[in-house]
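Subject: A structure for you to look at

Hi there,

Here is the structure I promised to pass on to you. Please open it next to this email and find each residue as you read.

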Amino acid sequence: ACAFDGQEWAMLMHDASAVIFDDHQPRSQQEIGRLLDGMAFLHAGLWESPELLDPTLSLCNCANLILYGSPETVRRFPVPESFIPVFVGEGWPLLLEMVDPDVAGILHTLISDPQPLHDALARYPFTLIHGDYRSMNLGLGTEPWPVTVFDWGWSGYGAPTIDLAWFVYWHDVAWSPVSVEAAVDHYRVRLADYLGASLDDATWQPMWELGVLVNILRIGCLRAWFIANDQNEA
C-alpha cells in the first residue's frame, strides 16, 4: 500500500530485513542457483506481455538503461555528491583506450546512440527486467517469497539476457564457486522449464550476446576506472 499527503509519499511494505544479504559475503553454489531460479521465474511470468509496452508505466527500455550511464547524460544532469559522474567521465575514455580500435568505435557509436542496439534486441522475446538484479538488491527467504527483490528503479522491458548478463558479471558469481558459463546454462534450463518450451540456439545465442553488449555499455566504464585506479596489480 502507499499514501500521499500532498507533499511526501509513504509506502507500506513487508518486513524482509531477515532475508537481506550481506553484500560483502560470497554466495554459495546453492544460493546462486536459487537467485537464477528467481530471475527465470520472474522473466517467464511476464514473457512477451503486451502490457509492458504501455507508456504510462514509464518502464525503461534498452536505450534508457544504456543512456543512464552515458557521458552525455552525466553532463546534462550533474549530481555532485554521486560517484557515478566520476566513473562515467573518467572511465569511458579509459575503456576506449583499453579495447581494440574497431571495438572502441562500436562502443563509442552505441553509447552516443543506442537505438540500433535497441532495434536489434527488438527482434527477440521481451519480458519484465529488473535492471539491477544483484545480491545487494536481493534476499533469500522461504515460501511464499523464496527470492525477494528490492530497488525497482531501473525496471523495464527487454531481452531477459540483459538481467542475466548484469547478474553473472557482478561479484555475486565472480566470488562464488559457480562459473559464468555454468550460471548462464542453469538460467537457460530453468527459463525453459518455467516457459514449458526451450529457446533454440539460433534465438538464444544472439540474444545472449546482445545482452552482454548492453552490459558492457552499462558497466564497462566502471570496470575500466577500477582497472586503472586499483592498487592491486592483478
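Below is what I found in it, going from one helix to the core and then to pairs of side chains. Please keep in mind that this is a predicted model.

**Helix α4**

A good place to begin is helix α4, which runs over residues 84–98. It has 15 residues, and from its first C-alpha to its last it reaches 20 Å, close to the 21 Å expected at 1.5 Å a residue. If you follow α4 along, you will find a kink of about 40° at G91, shortly before the proline P93.

Which residues of α4 are buried? They are F87, V88, G91, W92 and L95, so the residue at the kink, G91, is on that list. An α-helix has 3.6 residues a turn, so residues three or four places apart point the same way. The cover over the buried residues of α4 includes α3 (71–76), α5 (101–112) and α10 (201–229).

**The nonpolar core**

In soluble globular proteins, nonpolar side chains tend to be buried together. Here the largest nonpolar core has 50 residues, and the members that touch the most others are L117, L164 and F167. Which helix gives the most to this core? That is α10, with nine residues.

L164 is worth a click. Leaving aside residues up to four places away in sequence, L164 touches L36, M39, V184, Y187, W204 and W208.

**Salt bridges**

How many salt bridges are there? The count comes to six, and here are three to look up:

- The side chains of R27 and E31 meet at 3.4 Å, N to O. R27 counts as buried, at 6% relative accessibility, while E31 is partly exposed, with a relative accessible area of 22%.
- D132 and R134 form a salt bridge at 2.6 Å, N to O. D132 is buried at 7% relative accessibility, and R134 is buried with a relative accessible area of 15%.
- R190 and D193 meet at 2.7 Å, N to O. Both residues lie in helix α9 (residues 180–195), three residues apart, about one turn of the helix. D193 is partly exposed, with a relative accessible area of 47%. Salt bridges that share partners join D37, R190 and D193 into one network.

**Aromatic pairs**

There are 13 aromatic pairs in the structure. In one of them, the ring centres of Y68 and W154 are 4.7 Å apart and the planes are at 70°, so this pair is edge-to-face. Y68 sits in the loop between α2 (62–67) and α3, and W154 in the loop between β5 (147–149) and β6 (156–158), so the pair ties together parts that are 86 residues apart in sequence. Y68 is partly exposed, with a relative accessible area of 43%, and W154 counts as partly exposed at 24% relative accessibility.

F87 and W225 form another edge-to-face pair, with 4.9 Å centre to centre and 65° between the planes. Why does this pair tie together distant parts of the sequence? F87 lies in helix α4 and W225 in helix α10, so the parts that are joined are 138 residues apart in sequence. F87 is buried, at 10% relative accessibility, and W225 is buried too, with a relative accessible area of 17%.

Going back to Y68 and W154, ring pairs link these two with W166 and W170 into a cluster.

**Two residues with a positive phi**

Most residues other than glycine have a negative phi. Where should you look for exceptions? E48 has a positive phi of about 55° although it is not a glycine. E48 lies in the loop between α1 (29–45) and α2 and counts as partly exposed at 37% relative accessibility. D151 also has a positive phi, near 55°, and is a residue other than glycine. You will find D151 in the loop between β5 and β6, and D151 is partly exposed, with a relative accessible area of 45%.

Enjoy exploring, and write back with any questions!

Best wishes

Key:
Residues numbered from 1 in each chain as written. Predicted model: local features only at pLDDT ≥ 70, side-chain atom pairs only at ≥ 80, totals over all residues. Heavy atoms only, no water. Helix = DSSP H or I, 4+ residues; strand = E, 2+ residues; numbered from the N terminus. Expected span 1.5 Å × (residues − 1). Bend = angle between axes of the 7 residues up to and from the residue. Buried < 20%, exposed > 50% of the residue type's maximum accessible area, 1.4 Å probe, protein only. Contact = heavy atoms within 4.5 Å. Core = buried A, V, L, I, M, F, W, Y, C linked by side-chain atoms within 4.5 Å. Salt bridge = Lys/Arg side-chain N within 4 Å of Asp/Glu carboxyl O. Phe/Tyr/Trp six-rings, centres within 6.5 Å; stacked < 30°, edge-to-face > 60°.
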